[in-house]
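Student: Could you take me on a close look at the part of this model that surrounds the ligand? I would like the cut-offs along with the description.

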Amino acid sequence: MTYQYWNEKIETMPRDDLEKLQLARLKDTVGFALRTPFYQKRLGEAGVKSPDDIRSLADLARIPFTTKHDLRDGFPYGFLAVPREEVVRLHASSGTTGAPTTIYFNAGDIDRWTAYVARCIYGTGCTKSDVFQNMITYGLFTGGLGFHAGGERVGMLVIPSGAGNTTRQFRLMQDFGTTVLHATPSFLLHVESRMREEGVARESLRLKRAFAGAEPYSEDTRRRIEELLHIDVYNSYGLSEMNGPGVAFECQEKKGLHLWEDGYLAEIIDPESCESAAEGQSGELVLTCLCREATPILRYRTRDLTAFYTGPCACGRTHRRIRRITGRSDDMLIINGVNVFPSQIEEVIMAMREVGNNYLIEIEKDGVLDRLSVKIEVTPESFSDDTRPLNALKEKIRRTLQASITINPRVELHESGSLPVSEGKAVRVRDKRPKDV
Ligand code: DLL
């Protein structure tokens, strides 16, 4: 196989040189971090008062972890390291409407992030002759604009179609001869089933490959999409706190995702003891962003579970590969690509006086997409045989929940005392989606 590199020198850099580069960039990042109220205090307590206190990569261990909780506490500007006037864009993580985790970018940050996404795209064999349909949400979510800019940087013709509306997606694919898609894996499966329903002939399309990420999926799901759509599917990993997409991506070998270690310093830890996991062992990924000035984030606990591959990759890239993400070490749910914490749902429903004491969140597959149902007990006073007020209440809960979590749940109201009560810890979430990772 012939491989194409976006930046061959960096992508195939000997490990020693790569580590020197990482150390220099870590020191720069610590310098920026020391300008933020949050890290001034946090690093100060750990005895890191200047970038020169970091003498080797081993000194990383002196830096305390940063959590999503810290980011929320620092909202809105506790993590800002540059003057506000220098900031040109912000993105916010989905699943955090109440107290968002917001990431700010200066022009250089956007430029560097774009280059990482371009590196991912180019490494799968894309060129200027490709037509790229970006079927993912634009807006505060990083997937839309991140891939949009990366695609343009590669020189592809980018169609900013956004997610949803499959009929229009098919029209665009046919009218402009789309060759590359980007979507969540569940949306790709949905596209395939709608194609069959609408009688869109595969031969009328010029599709070659797709990038699929933003939510976990199994090797079997990848194979299914590849076989059904006759395309090559590449796994794409990233998170808002580390810019968004472009953190780790599969090369044409498709044996793990190269994590771009010149931009992101990666560790894998045991989520309980927080000790570093043994080589090749599974654990929680911890990332330090080495390529952003406006919002430096050090040793961020991603909560994503994975392991490093040991040994080199046939493609010649020296950046380590992580395995497909197998789960999370917290309770965050990913529903059709949108991050939702059960606590967000609880906050909304428990604020309503008509709501009783018990509720249950259920997620199941409806065809290829995920469906969220929230079953809620109402107080005896609010329960009646007259369905009108109950329907109005149901609609009010549905609308308020949708405004908070951005996805449209199915709401069921139940009489007080009718939902199951567990004897031990309350079981509030039943995830009935098949676990095939
Ligand atoms: O999902 C960024 C992204 C956009 C990645 C487009 C890939 C493609 P967040 O909304 O902050 O950012 O969600 C990040 O999604 O911590 C993982 O739990 C999960 N996730 C992202 N990519 C994958 C993947 C974007 N390939 C959270 N496999 C992360 C499994 C993934 N989980």
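Tutor: Happily; here is the ligand site, followed by a helix pair and two backbone details.

This is a predicted model, in which local features need pLDDT of at least 70 and side-chain atom pairs count only at pLDDT 80 or more, while totals for chains, interfaces and linings use all residues. Residues are numbered from 1 along each chain as its sequence is written, and side-chain values use heavy atoms, with hydrogens and water left out.

Let's start with the shell. There are 22 residues around the ligand, and N235, S236, S240, D304 and N339 come nearest (a residue is near if one of its heavy atoms lies within 4 Å of the molecule). By class, the shell has 8 nonpolar, 11 polar and 3 charged residues; Ala, Val, Leu, Ile, Met, Phe, Trp, Tyr, Cys and Pro count as nonpolar, Asp, Glu, Lys and Arg as charged, and the others, Gly among them, as polar.

Now the polar contacts, meaning pairs of N or O atoms within 3.5 Å. N235 places a polar side-chain atom 2.9 Å from a nitrogen atom of the ligand. From R328, a polar side-chain atom lies 3.1 Å from an oxygen atom of the ligand. P216 takes part through its backbone, with a polar atom 3.5 Å from a ligand nitrogen. The protein buries 98% of the 610 Å² that the ligand exposes when taken alone (Shrake-Rupley accessible areas with a 1.4 Å probe).

Two elements, α6 and β7 (232-239), give two or more residues to the shell. The largest share, 5 residues, comes from β7. Helices here are DSSP runs of H or I with at least four residues, and strands are runs of E with at least two, numbered from the N terminus.

Helix α6 (residues 142-154) also packs against α5 (residues 107-122), at an angle of about 70° and with the axes 8 Å apart. The two helices are therefore roughly perpendicular, a label for angles of 65 to 115 degrees. Their contact has 9 nonpolar, 5 polar and 2 charged residues.

Finally, the backbone. R303, in strand β12 (residues 300-306), has a positive phi of about 75° although it is not a glycine. A cis peptide bond, with omega about 0°, joins F75 and P76.

Methods. Axes fitted to C-alpha atoms, helices over the stretch in contact; angles between N-to-C directions. Parallel < 35°, antiparallel > 145°, perpendicular 65-115°, else oblique. Polar contact = N/O pair within 3.5 Å; in protein donor to acceptor, adjacent residues only side chain to side chain.
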